[in-house]
There are 2 protein chains.
Amino acid sequence: MFQIDPMARTPIYEQLTAQIERLVLLGVLQPGDALPSVRNLSCELAVNPNTVQKAFNELYQRGVLAAVPGRGCFVAPDAREHLQTVGREKLDGFRELAHELLLAGISKKDLIDAIDQADKKEGEAE
Amino acid sequence: MFQIDPMARTPIYEQLTAQIERLVLLGVLQPGDALPSVRNLSCELAVNPNTVQKAFNELYQRGVLAAVPGRGCFVAPDAREHLQTVGREKLDGFRELAHELLLAGISKKDLIDAIDQADKKEGEAE
DNA sequence: CTAACTGTATTATAACGCATAATACAGTTA
DNA sequence: TAACTGTATTATGCGTTATAATACAGTTAG
């Protein structure tokens, strides 16, 4: 269900948070759903339990996950709303990147084409 | 001419490379123009000379700068072309980010609006 | 030629983030 | 009770970033 690349330049715990957020947005993980336990997931990914917990901790603070000590870790009821808020905050970075690419000579049309491709891809099952 | 934030999460040498690339794209630095010497710039920015050289080294490998030992460091003749190539390579990341934002519920129109804003900003003197 | 500049290279050190390892404690549940 | 759950702690190793102190070679103005 989860995949990790230990050799990537992005930290493992960030790869994990990104994947979980993605699965929630895709609806694969729905509010109330239980996640693998810290120990199980760490074993499955061949990763240290602390690393998994660090990822989960990030998602608690973002309101995506909710933990119940002794029972487990679950998708928060309002996870989607929180993730949409996070998405809004990323719009600034998107705008800056667009500006940078325009400055580098990339045409406005090419950027819009890129959005179209991403949009088409989003509609598919992937 | 250059500004550095030592407290930022992005490394100093990356801040430097980004600024120099930007100045070249804006035409402030033109092919053949000399850059401040490693020692002068490191002194001006209150930064270690090695850090400045690391930034310059990056730009050598990207074909943006050309060094002449004993004389100094200059903007490469084909700096813009190299930077445009770099820009093309960043299009993939742009597309991925767009896909991510669409998944988070950001509308296609909002993304295009962001591009329009970036485009308008690019036309200005800044 | 000398002095002062230029880029370049080397070694050592310190700080920080990432990840691991080994435990330990408390709550839940079959 | 036993086996699970999340959580917390301390220690260690590693790579990147940045600094510091040098040293060497090429260029140039005096």
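Start by selecting chain A and chain B together: the contact between them takes 33 residues from chain A and 33 residues from chain B. Keep in mind as you click around that this is a predicted model.

**Stop 1: where the two chains meet**

Show the surface of both chains. The area buried between chain A and chain B is about 3,500 Å², and carbon and sulfur atoms give 70% of that. Now pick out Phe94(A), His99(A) and Leu103(A). In chain A, these three lose the most area to chain B, together making up 19% of what that side buries.

Next, look for charges. How many salt bridges are there between chain A and chain B? The count is 8. To see a salt bridge up close, select Arg88(A) and Asp110(B), whose closest N and O atoms are 3.2 Å apart. Polar contacts are worth a look too: across the interface of chain A and chain B, 10 residue pairs are in polar contact, with both residues at pLDDT 80 or more.

Switch to a cartoon view. On the side of chain A that touches chain B, α1, α4 (79-103) and α5 (108-123) of chain A each supply at least two residues. Which of the elements gives the largest share? Colour α4(A) and you have it, with 15 residues. If you colour that side of chain A by class, you get 17 nonpolar, 4 polar and 12 charged residues.

**Stop 2: DNA strand C**

Now select DNA strand C and the 24 residues around it; Ile12(A), Asn48(A), Asn50(A), Thr51(A) and Ser37(B) come nearest. Of the atoms of this strand that come within 4 Å of the protein, sugar and phosphate account for 62%.

Zoom in on the phosphates. The side chain of Thr51(A) has an N or O atom 2.7 Å from a phosphate oxygen of DNA strand C, and for the side chain of Tyr13(A) the distance to a phosphate oxygen is 3.1 Å. Then hop over to chain B, where a backbone N or O atom of Val38(B) sits 3.0 Å from a phosphate oxygen of DNA strand C. Back in cartoon view, the elements that give two or more residues to the surface near this strand are α1 and α3 (49-61) of chain A, plus α2 (38-44) and α3 (49-61) of chain B. By class, that surface has 9 nonpolar, 10 polar and 5 charged residues.

**Stop 3: DNA strand D**

Move on to DNA strand D. Of the 24 residues around it, Ser37(A), Arg39(A), Ile12(B), Asn50(B) and Thr51(B) come nearest. Sugar or phosphate makes up 63% of the strand's atoms within 4 Å of the protein, and the rest belong to bases.

Try Ile12(B): a backbone N or O atom there lies 2.4 Å from a phosphate oxygen of DNA strand D. For Thr51(B), a polar side-chain atom lies 2.7 Å from a phosphate oxygen. Where can you find a base nitrogen beside a polar backbone atom? Go to Gly70(B), where the two atoms are 3.4 Å apart.

**Last stop: Phe2(A)**

Finally, select Phe2(A), in the segment before α1 (12-26) of chain A. Is Phe2(A) buried or exposed? Its relative accessible area is 7%, under the 20% cut-off, so Phe2(A) counts as buried. Show what surrounds it: leaving aside neighbours within four places in sequence, Phe2(A) contacts Leu16(A), Gln19(A), Ile20(A), Leu23(A), Pro36(A), Leu41(A) and Leu45(A).

Terms used. Residues numbered from 1 in each chain as written. Chains lettered and ligands numbered in written order. Heavy atoms only, no water. Helix = DSSP H or I, 4+ residues; strand = E, 2+ residues; numbered from the N terminus. Buried < 20%, exposed > 50% of the residue type's maximum accessible area, 1.4 Å probe, protein only. Contact = heavy atoms within 4.5 Å. Near = heavy atom within 4 Å. Polar contact = N/O pair within 3.5 Å; in protein donor to acceptor, adjacent residues only side chain to side chain. Nonpolar A, V, L, I, M, F, W, Y, C, P; charged D, E, K, R; others polar. Buried area = accessible area lost by both parts, 1.4 Å probe. Salt bridge = Lys/Arg side-chain N within 4 Å of Asp/Glu carboxyl O.
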